[in-house]
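Let's take a friendly walk through a protein model. Have a look at the picture below and keep it beside you while you read.

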Amino acid sequence: VYFARPDSRVFGRLVYEIRKNMGRELAKENPIEADLVIPVPDSGVAAALGYSQESGIPFELGIIRNHYVGRTFIEPTQQIRELKVKLKLNPIRELIENKRIVVIDDSVVRGTTSRQIVKILRDCGVKEIHMKISSPPTISPCYYGVDTPSVEDLISARMNNEEICKFIGADSLSFLTLEGLKRSIGVENFQYCQACFDKKYIEVE
């Protein structure tokens, strides 16, 4: 969903194609009328391409990423995370002003980055913002080596979809279902850990 390089293979499947499949499944599960599909770069690019191809809504790089700024969700304080988002993501007003846009991202962790992205787009005169997330809601921390926040800091563990949508300021918000995620991966005898999505932790000896 997030950490693997797009050109890598996981259990024999190309991550880039799996992420495009996630976008296609998202479009099937959550259709909507809009003018553009734009990704949150870079993690949302492949899924946004898949969403665009399935929905027929044109794809554009409406937000440009500054590649000299690293990952934001793992920063230690909220102030640093917010500053890095402002430095990291830069919208192209000419492409998105007065448009109804579908914004594709790979996940929502605390919700604060999504909230900032929505504000950035509103400030550029976007007419409608429909946030669509190419993974299920993250409702539980990872205890297997991924530095995710505690359950108290995971917005999907504390709020329902409508409350999260209001918090981030979008016109609508939808997530890929766990079943849609599995269809995207297309692996028989599914063996991926999904505890962050369903709280069912794998016992490790």
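What follows is a short tour of a sheet, some helices and the cores.

This is a predicted model, in which local features need pLDDT of at least 70 and side-chain atom pairs count only at pLDDT 80 or more, while totals for chains, interfaces and linings use all residues. Residues are numbered from 1 along each chain as its sequence is written, and side-chain values use heavy atoms, leaving out hydrogens and water.

**The sheet**

Helices (H or I, at least four residues) and strands (E, at least two) are DSSP runs, numbered from the N terminus. Four strands make an open sheet in the order S3-S6-S7-S8, with parallel pairing; two strands pair if DSSP finds at least two bridges between them. S3 and S8 are the edge strands, each pairing on one side only. From one strand to the next, the twist averages 20°. S3 and S6 are joined by four bridges, and Ile 38 has Val 103 in S6 as its bridge partner.

**The helices**

H5 lies across S3, S6 and S7, at about 150° to S7. H7 lies across S7 and S8, at about 130° to S8. Such angles run from 0 to 180 degrees between N-to-C directions, with axes fitted to C-alpha atoms, for helices over the stretch in contact.

The expected span of a helix is 1.5 Å times one less than its number of residues. Here is how two helices compare with that rule:

| Helix | Residues | Expected span | End C-alpha distance |
|---|---|---|---|
| H1 | 15-29 | 21 Å | 21 Å |
| H5 | 112-123 | 16 Å | 17 Å |

The values agree for H1 and for H5.

Among the buried residues of H5 (buried means under 20% relative accessible area, with a 1.4 Å probe and protein chains only) are Ile 117, Val 118 and Leu 121. Just after H5, Gly 125 takes a positive phi of about 85°.

**The cores**

A nonpolar core is a set of buried Ala, Val, Leu, Ile, Met, Phe, Trp, Tyr and Cys residues joined through side-chain atoms within 4.5 Å. Which residues touch the most other members of the largest core? Of its 24 residues, they are Ile 38, Ile 101, Val 103, Leu 121, Ile 129, Met 131 and Leu 173. The elements giving two or more residues to this core are S3, S6, H5, S7, H7 and S8. A second, separate core has 17 residues, including Met 22, Val 37, Leu 178 and Phe 197.

Val 103 is in contact (heavy atoms within 4.5 Å) with residues including Ile 38, Leu 121 and Met 131, not counting residues up to four places away in sequence.

Technical notes. Buried means under 20% relative accessible area, exposed over 50%, partly exposed in between (1.4 Å probe, protein chains only).
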